[in-house]
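Reader: Hi! Could you walk me through this one while I look at it?

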Amino acid sequence: MKASSGDGSLSSGELAGLTGVSRDTLRHYERKGVLPRPLRSRNAYRQYPPEALQRVQLVRRALSVGFTLDELAKVLKVRDGGGAPCEEVRKLAAQKLVDVQDQLRELTKLRDDLQNTLSDWDARLVHRAKGERANLLESLSVDSKPAKRSNNSIKRKKEK
């Protein structure tokens, strides 16, 4: 996509097209402080400098590994002010890894719980009379210790 002006600036539509985000997303990035506010053309259209392309790409990559817009806004403000927020970026990324590891443990537990539930349900289905309810959903109970990130943890009731 070619810039509409001779100075290399990009309209919001051009920048959106090059980065694969919407114009609304660009405006949201501006409001959050991860994308500097662009200059305005005579007709009041946004005109982004050429480096805005790299900035949006950087933001998209950072979001894809778990950074939030608020975190990025703080880091980029320091960076844009001439600072070197490398230690903070490293610390944030390390926390992202801890969070992912926690999520994997939770998902592994959920998988195991679902496998046990299905085994229990298969046994219930085999031993029921034709047309009789197996009360599968009733055999579920809400976990008394909700998971860190969700309260969707379900375990089967223990048979007495």
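Reader: What do the side chains of arginine 111 and aspartate 112 meet in?
Author: The side chains of arginine 111 and aspartate 112 meet in a salt bridge, 3.0 Å from N to O. A salt bridge here is a side-chain nitrogen of Lys or Arg within 4 Å of a carboxyl oxygen of Asp or Glu. Bear in mind that this is a predicted model, where local features need pLDDT of at least 70 and side-chain atom pairs count only at pLDDT 80 or more, while totals for chains, interfaces and linings use all residues. Residues are numbered from 1 along each chain as its sequence is written, and side-chain values use heavy atoms, with hydrogens and water left out.

Reader: Is arginine 111 buried, exposed or partly exposed?
Author: Arginine 111 is partly exposed, at a relative accessible area of 46%. Aspartate 112 also counts as partly exposed, at 30%. Buried means under 20% relative accessible area, exposed means over 50%, and partly exposed is in between (1.4 Å probe, protein chains only).

Reader: Which residues do shared salt-bridge partners join into one network?
Author: That network is made of Glu30, Arg37 and Arg46. Within it, glutamate 30 forms a salt bridge with arginine 46, and their closest N and O atoms are 3.0 Å apart. Glutamate 30 lies in helix 2 and arginine 46 in strand 3 (residues 46-48), so this pair ties together parts that are 16 residues apart in sequence. Helices (H or I, at least four residues) and strands (E, at least two) are DSSP runs, numbered from the N terminus. Both glutamate 30 and arginine 46 are buried.

Reader: And what does lysine 96 pair with?
Author: Its partner is glutamate 71, in a salt bridge of 2.8 Å from N to O. Lysine 96 lies in helix 5 (residues 86-126) and glutamate 71 in helix 4, so parts 25 residues apart in sequence are tied together. Lysine 96 and glutamate 71 are both buried.

Reader: How many salt bridges are there by this rule?
Author: The count comes to 10.

Reader: Let's stay with helix 5. How far does it reach from its first C-alpha to its last?
Author: Helix 5 has 41 residues and reaches 60 Å, close to the 60 Å expected at 1.5 Å a residue. The expected span is 1.5 Å times one less than the number of residues. Among the buried residues of helix 5 are Leu92, Asp102 and Trp121. Threonine 117 is buried too, with a relative accessible area of 5%, and a polar atom of its side chain lies 2.8 Å from the backbone oxygen of aspartate 113.

Reader: Changing topic: which residues touch the most other members of the largest nonpolar core?
Author: Leu15, Leu26 and Val34 do, out of 21 residues in that core. Helix 1 (12-19), helix 2 (23-32), helix 3 (51-64) and helix 4 (69-80) each give two or more residues to this core. Such a core is a set of buried Ala, Val, Leu, Ile, Met, Phe, Trp, Tyr and Cys residues joined through side-chain atoms within 4.5 Å.

Reader: What is leucine 15 in contact with, leaving aside neighbours within four places in sequence?
Author: Leucine 15 is in contact (heavy atoms within 4.5 Å) with Leu10, Leu26, Tyr48, Ala52, Leu53 and Val56.

Reader: Last one, what is the strand order in the sheet?
Author: The order is 1-3-2, in an open sheet of 3 strands with antiparallel pairing. Strand 1 (10-11) and strand 2 (39-40) are the edges, each pairing on one side only. Two strands pair if DSSP finds at least two bridges between them, and strand 2 and strand 3 pair over 2 bridges.

Key: Polar contact = N/O pair within 3.5 Å; in protein donor to acceptor, adjacent residues only side chain to side chain.
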